[in-house]
Amino acid sequence: MADPTKEESPAAQETAAQDPAAQQNAQVLALLHRLFGESTFTDVEEPYGLLTVTTKREHIHNIIAGLQKDEELKFHFLTTMCGINYPENLNQELGMIYHLHSLVHNIRLRIKIFFPLADPVVPTLTDLYATANWMEREAYDFYGIIFTGHPNLRRILNVEDMDYHPMRKQYPVEDGTREDKTDLFFGR
């Protein structure tokens, strides 16, 4: 999996030799760069040893399809995908996070995409993973993310006539009109 054309610094080689997870992440990142190009990925991180990359929504379907078909890594399991909302990020208020898992090699990968609240459209992954069906419906229901090509995109947990998406951070967490809730009872 390592890219022999790239030379690593001695410090990076020593770190990778000491930490098998870091070595595995370096190999996966090298493969991602080889398959899809270095410029396709930004914000590469490894929180708690989990390789996390950010890409653009225009690339997400091709990347995940390529990883699923790749015979070297075998990312055949979509662990989860979920919506996120960062209202303070101008033109990137909404996003999706995808967790892929190679059961054969026990490798995990997290991929993030961000897009504007005014254009919440993302390609569906239901043609790649059957489990994406329910997860995309949940992201649609709670965040209003529209998955083009989804076979049955409708609410899954909230009522159909609901005209808002409750997990967006534009709504207050608590009902300010309630009189039965006083801070005294909740330790505040």
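# Getting to know this predicted model

Colleague: Leaving out residues up to four places away in sequence, what does L157 touch?
Modeller: Not counting residues up to four places away in sequence, L157 touches three residues, all named at the end here. Keep in mind that this is a predicted model, and that L157 lies in the segment after strand 7. The contacts of L157 are E138, D141 and F142.

Colleague: How many Å apart in space are L157 and D141, C-alpha to C-alpha?
Modeller: Along the sequence, L157 and D141 are 16 residues apart. In space, going C-alpha to C-alpha, the gap between them is 7.1 Å.

Colleague: Does L157 count as buried or exposed?
Modeller: The cut-off for exposed is over 50% relative accessible area. L157 has 59% relative accessibility, so L157 counts as exposed.

Colleague: And H150, is that one buried or exposed?
Modeller: H150 also lies in the segment after strand 7, a strand that covers 146–148. Leaving aside neighbours within four places in sequence, H150 is in contact with T124, T126, N133, E136 and R137. Buried means under 20% relative accessible area. H150 has 10%, so H150 is buried.

Colleague: What distance separates the C-alpha atoms of H150 and P123?
Modeller: Those two sit 27 residues apart along the chain. Their C-alpha atoms, though, are separated by 8.1 Å.

Colleague: Stepping back, in what order do the elements of the protein chain run from the N terminus on?
Modeller: The chain has four helices and seven strands to place. Start at the N terminus and read along, with α for helix and β for strand. You get α-α-β-β-α-β-β-β-β-α-β.

Colleague: Which residues have the most contacts inside the largest nonpolar core?
Modeller: That core has 36 residues. At least two of its residues come from each of helix 2 (20–36), strand 2 (51–55), helix 3 (57–69), strand 3 (77–85), strand 4 (94–102), strand 5 (107–115) and helix 4 (132–143). In general, nonpolar side chains in soluble globular proteins tend to be buried together. The residues with the most contacts inside this core are Y98 and I111.

Colleague: Leaving aside neighbours within four places in sequence, what is I111 in contact with?
Modeller: I111 is within strand 5's range, 107–115. Its contacts, with sequence neighbours within four places left aside, are V53, T55, I60, I63, I64, L67, M96, I97, Y98 and L100.

Colleague: Which element gives the most to the lining of the second largest pocket?
Modeller: This pocket holds about 240 Å³ of space, and 15 residues line it. Strand 1 (42–45), strand 2, helix 3 and strand 5 are the elements that give two or more residues to the lining. With three residues, the one that gives the most is helix 3.

Colleague: By class, how many residues in that second largest pocket's lining are nonpolar, polar and charged?
Modeller: T54, T55, K56, Q92 and F114 lie nearest the centre of the second largest pocket. Sorted by class, its lining comes to three nonpolar, eight polar and four charged residues.

Colleague: Where is the place of N106?
Modeller: N106 is not a glycine, yet its phi is positive, near 55°. N106 counts as exposed because its relative accessible area is 52%. Its place is in the loop between strand 4 and strand 5.

Technical notes. Residues numbered from 1 in each chain as written. Predicted model: local features only at pLDDT ≥ 70, side-chain atom pairs only at ≥ 80, totals over all residues. Heavy atoms only, no water. Core = buried A, V, L, I, M, F, W, Y, C linked by side-chain atoms within 4.5 Å. Buried < 20%, exposed > 50% of the residue type's maximum accessible area, 1.4 Å probe, protein only. Contact = heavy atoms within 4.5 Å. 1 Å grid on protein atoms, 1.4 Å probe; cavity = no way out; pocket = protein on both sides within 12 Å on 5 of 7 lines; lining within 4 Å. Points joined across faces, edges and corners; volume = space filled by probe spheres on them. Nonpolar A, V, L, I, M, F, W, Y, C, P; charged D, E, K, R; others polar.
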